[in-house]
Amino acid sequence: MKKLISVLFLLALVAGLTACNAALNGQAKQIVTPPQAVLADHPTLTEQEKLLPCFECHKDVTPEIYSDWYNSAHGIANVKCYQCHGTFEELTKVPAVDSCSFCHAAEMEHADTTPCWACHLTHKFTGHQK
Amino acid sequence: MSVTRRDFIKRSAALTAASYVGMNLPIGQHNVAQAVDADKWVRGTCRLCGAGCRLEMGVKNGRPVALRGVPKARTNYGYLCMKGMLFYKIMQHPDRLVKPLYREKKNQPFREVSWDQALDIAAKGFADSVKKFGSDSTAYYGSGQCQTEETYIFQKVMRGGLQTNNVEGNPRLCMASAVGGYLTSFGADEPIGGYDNIERSYCIFIIGSNMAEAHPVIFRRVMRRKLDNPDKVKIINADPRISPTSRIADMHMQFRPGTDLALMNAMAYVILEEKLYNQKFLDDYCVFRVGKDKKQVNMAAFKESLEKYTPEKAARTCGGNITAEDIRTAARWFAKSQGTLSMWCMGINQRKQGVWANNLIHNLHILTGQLCKPGADSLSMTGQPNACGGVREGGGLCHILPGHRLVKKEKLRNQVEDAWGIPRGRIPPKPGYHTMAMFQAVNEKKIRAIWINCTSPAQSLPNVTPYRKGLQSDDVFVVCTDIFPTKTTECANLILPTAFHFEKTGVYGCTERRSQITPKAVDAPGEAMPEVWIVREWALKLAKELNDPVIAKCVEPFLGKEPDCELPEAVWDEYTQKVTKGRDNDLRGATYEVLKSMDDGVQWPAPTKEFALTGGTVMKFVRGSDPMAETLAKDDKPYQFYGPAHADKKLWVWLRPYVGADEEPDAEYPLYLSTGRIIDHWHTTSMTGRVPELLRANPYSYVEINPKDAARMGVKPNDMVEIESRRGRVEMPAKVVEGPIEGMVFAYWHDMHEDRMINKVCKDAYDPGSKEPEFKICACRVRRISGPRALKPYITTLNG
Amino acid sequence: MPIGGFVVNAQPEFVNEVAGELSDIDDVEVYGFDEKGNIVAVIDSESSTIMEAQVKKIEGLDSVLTVGVAYLHAEDEVEKIENGELVIDNPFQNRKKH
């Protein structure tokens with residue numbers, strides 16, 4: 001029972017914190033809750049489309065990013081989009097760095113204060129950005 | 001750089017918020033996964049392929065919450081693929097089997113029973129079968145995913161207790177031809193070297209392996225080697241299909257399926273013609289042999305046997321995408337590099353000529369002396385985490401006892417009987433049914449009780465339909481031990497829920513002879529129990545049912561042991577200390593204590609603890625690296641090929657002619673069909689299909705069709721097509737892609753949907769030596785049935 | 001003591017000022033902002049009631065359009081509830097109208 005209460009409490013807290021803003025300013029409906037923030041920018045996908053790998057479309061809509069990735073070590077080694085950016089429901093534009101440390105725990109030792117892509121070219125991760 | 005917990009949480013809060021709006025925050029995000037809120041990190045091995053990647057599981061409040069690579073491990077150096085990153089998510093999956101389930105007849109629903117009842121039922125089922133139909137009416141079918149302790153104790157009870165050698169496992173479907181190849185060419189099973197050679201190699205010959213998807217973390221090492229040394233290192237990829245592995249290749253040799261024997265004989269022809277062989281190595285260590293009676297011949301006879309395989313002729317045989325000059329170039333790269341490493345997998349092994357294909361790869365290495373030196377090795381990649389280990393070395397196949405001992409040799413049987421303290425003559429001299437014969441025997445009602453552990457033959461056998469019918473019959477009593485419902489639990493009378501990886505303790509041996517321990521980190525859900533406990537309790541009941549004290553004797557050393565840690569350790573100790581002693585896989589130094597202290601594990605042979613603590617034998621047969629090369633030395637040469645299968649202690653170069661596939665295309669079935677894996681899924685998807693991210697990434701099977709064939713058949717991308725062979729038909733969407741060679745289609749085999757299960761179409765012909773089936777080649781026809789159709793991923797549930 | 005990660009949307013032309021105002025509120029830390037008007041802020045407060053009050057306060061600022069929670073850590077409060085140290089009234093009271 002106590003567990004249930006605490007779960008309810010957490011839910012209510014989140015609901016409360018987001019619900020208050022909805023009321024604010026009447027017309028400002030763009031509530032920034034977790035997944036919707038990025039999804040709001042992403043075209044809606046059908047259930048069937050969600051079963052396609054990201055790059056099927058991104059080859060065409062973001063060809064530069066696709067080709068940076070495809071020709072990178074990540075691309076060659078089949079480290080796919082969702083491994084860093086999450087699947088559709090939990091899509092993030094900028095991944096949490098902890099998704100890097102699955103594999104790059106050792107490499108992360110030299111970067112105390114900056115995320116990998118602050119120095120290494122985004123999506124290519126070769127060499128350093130100017 | 002110490003961060004308090006609150007700071008850490010605040011930082012996570014900020015980073016999460018920032019990630020939703022695509023903002024880069026200039027704050028330290030260092031080691032976030034490391035800092036993930038775990039109570040403890042437990043070091044073990046990934047179980048989703050044979051690479052042997054080491055990882056740590058984060059546990060919080062007794063639940064798995066995260067995984068991370070172990071940077072110091074000599075297998076993966078910290079890297080993981082997405083299967084490895086995500087597999088902890090299935091441990092708490094709602095589909096987990098948590099109670100023993102039973103039904104008398106296979107058309108009834110399952111009902112829950114207690115463990116005591118379940119083990120009684122299992123014991124009675126097997127005992128009845130023995131009483132009515134004899135010992136050989138019972139069988140065990142295990143898996144390369146079982147821990148060594150599990151395979152060992154199961155086969156001990158079957159052979160020593162029930163007195164049958166009907167002990168098999170799914171490695172027969174993937175590794176048997178490699179075993180045959182190593183034994184006949186080198187005199188000893190398992191590779192001479194290991195991954196360590198990747199970074200020292202100058203030519204890497206990949207054949208019949210899409211390692212970019214099947215072994216992504218090992219592929220990363222190959223890729224790094226190439227990308228870091230683009231001019232010095234040559235990569236040859238030989239495969240009928242252009243795959244993601246081809247992307248790092250200097251040369252892709254695309255041959256017609258089944259013609260690889262001609263291709264490799266032609267490379268040998270060039271090596272002889274251009275005198276690229278290593279005469280000293282041949283003089284010191286090799287002989288040439290031919291035929292069933294292993295007749296020794298000289299090099300001239302070998303050369304003569306290759307006359308049919310001039311590069312020009314072979315190029316024609318191989319189907320036109322390869323030129324004679326390609327073959328010459330490949331042979332030169334192979335022979336002349338400072339260290340050449342071959343790597344292969346199912347494309348070579350799952351063949352009617354699988355052993356011969358293995359032999360021909362080894363031939364190239366023996367001829368050129370590309371063995372036993374840095375960067376040189378003939379390395380068969382393993383598909384499962386403990387095929388190379390537990391099953392091959394632990395006695396998991398019908399013809400071999402633990403410690404690489406042949407069943408048919410009385411002396412070796414007696415060694416095992418003595419070690420177990422059971423009467424001599426207890427282990428029958430006749431090898432049991434190999435896998436395909438075993439399921440044939442189920443069909444023919446010769447086997448009346450079968451225990452299927454941790455694998456799903458009802459989906460994974462080739463030409464699966466008739467074998468499924470056999471398993472579904474009420475004439476055979478089927479016990480399944482597993483963690484999830486599968487196509488095979490659908491055929492079971494009794495389902496026993498088992499503890500998963502990290503829910504019990506045990507050892508896996510990966511591709512490179514490396515034994516690595518995974519200790520228990522979390523409790524298994526519900527009433528799931530470790531297999532070693534299940535076998536022990538079952539054997540005790542079996543002894544009573546059959547009134548046979550020797551069955552109880554088989555588990556006597558393990559009585560009273562706590563099942564999660566003590567019991568497997570006692571089994572491991574018996575196996576390593578008593579049974580591997582003095583054998584070529586001597587593991588006496590690799591105790592639990594030693595294994596637990598290692599970031600990775602121990603490569604056998606490792607006869608002493610001191611040696612095991614160094615990591616063991618990096619290069620077998622080489623003095624200074626392999627301690628047994630000293631103790632078993634027969635002369636003062638630097639390499640000692642002491643393997644048990646070659647009395648002359650030599651490497652054998654084999655004269656093997658080119659023979660094609662069992663079923664070649666014809667007018668009726670004009671295309672080759674081959675099958676394979678994709679990176680996101682493993683085997684039958686009973687595990688990876690239950691990780692939403694992985695299922696989403698490849699929700700169902702596709703068939704890849706060459707654009708020229710597609711144009712001819714009027715097939716457009718994503719059209720639904722029917723693939724039909726003489727055995728069965730399936731329907732799946734088409735991918736039109738420059739992958740398979742013209743005249744061949746390639747289907748992914750992971751899908752468990754009835755309409756898309758490609759193993760219904762595959763052929764069950766098998767290699768006469770290794771008994772491994774030819775999954776990789778059969779003849780089929782393909783027909784467009786409709787435009788794109790909405791498909792749903794499918795994972796089986798308990799009641800189908 | 002709950003910790004929350006928030007995205008505050010300000011009118012882009014005033015994002016600098018809003019970020020400054022936020023920093024002046026007790027328990028609020030600004031981690032970054034961008035030209036689109038997104039501000040990432042973390043609130044680390046005594047209790048969830050206080051956090052709600054602070055969110056209200058932020059919402060009341062001129063030029064703030066929305067406040068959204070992206071991350072919430074309230075483990076210690078949950079523990080307190082479970083231990084009985086903290087008694088929460090019906091968490092849904094007063095919220096029915098939303």
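**Exercise 1. Two loop residues with positive phi**

Locate K275(B) in chain B, where it sits in the loop between helix 9 (260-273) and helix 10 (279-285), and decide whether K275(B) is buried or exposed.

*Solution.* A word on the ground rules before we start: this is a predicted model, in which local features need pLDDT of at least 70, side-chain atom pairs count only at pLDDT 80 or more, and totals for chains, interfaces and linings use all residues. Residues are numbered from 1 along each chain as its sequence is written, while chains are lettered from A and ligands numbered from 1 in the order in which they are written.

Step 1: helices (H or I, at least four residues) and strands (E, at least two) are DSSP runs, numbered from the N terminus.

Step 2: a residue is buried if 20 or more other C-beta atoms, placed from the backbone, lie within 10 Å of its own, exposed if 12 or fewer, and partly exposed in between. K275(B) counts as exposed because it has 8 C-beta neighbours inside 10 Å.

Step 3: look at the backbone. K275(B) is not a glycine, yet its phi is positive, about 55°. Most residues other than glycine have a negative phi.

Step 4: turn to E190(B), in the loop between helix 6 (176-186) and strand 8 (203-207) of chain B. Phi of E190(B) is also positive, near 80°. E190(B) has 28 C-beta neighbours inside 10 Å and therefore counts as buried.

**Exercise 2. A cis peptide bond**

Find where P605(B) lies and describe the peptide bond from W604(B) to P605(B).

*Solution.* Step 1: P605(B) belongs to the loop between strand 22 (602-603) and helix 25 (609-612) of chain B. Step 2: the bond that joins W604(B) to P605(B) is cis, with omega near 0°. Most peptide bonds are trans.

**Exercise 3. Helix 18 and the domain contact**

Work out which residues of helix 18 of chain B are buried, and which helices supply the side of domain 1 of chain B that touches domain 3.

*Solution.* Step 1: helix 18 spans residues 435-443, and its buried residues are T435(B), M436(B), M438(B), F439(B), A441(B) and V442(B).

Step 2: their cover includes strand 6 (138-142), strand 7 (167-169), strand 17 (449-453), helix 19 (457-460) and helix 20 (464-472) of chain B. After helix 18 comes K445(B), with a positive phi near 60°.

Step 3: the domain assignment, automatic or from a database, gives chain B domain 1 (101-173 + 386-571), domain 2 (176-381) and domain 3 (671-786). The C-alpha centres of domains 1 and 3 of chain B are 31 Å apart. Their contact (C-beta atoms, placed from the backbone, within 7 Å) takes 16 residues from domain 1 and 19 from domain 3. Helix 18, helix 19 and helix 20 each supply at least two residues of the domain 1 side.

**Exercise 4. The largest nonpolar core**

Name the residues with the most contacts inside the largest nonpolar core.

*Solution.* Step 1: a nonpolar core is a set of buried Ala, Val, Leu, Ile, Met, Phe, Trp, Tyr and Cys residues joined through C-beta atoms within 7 Å.

Step 2: the largest has 263 residues, and L80(B), L263(B), M267(B) and V745(B) have the most contacts inside it. Helix 9 of chain B gives the most to this core, with 10 residues.

Step 3: leaving aside neighbours within four places in sequence, M267(B) is in contact with I327(B), A330(B), A331(B), F334(B) and L364(B). Another core lies apart from the largest one, with 34 residues that include M23(B), L22(C), I58(C) and V64(C).

How values were computed. Contact = placed C-beta atoms within 7 Å.
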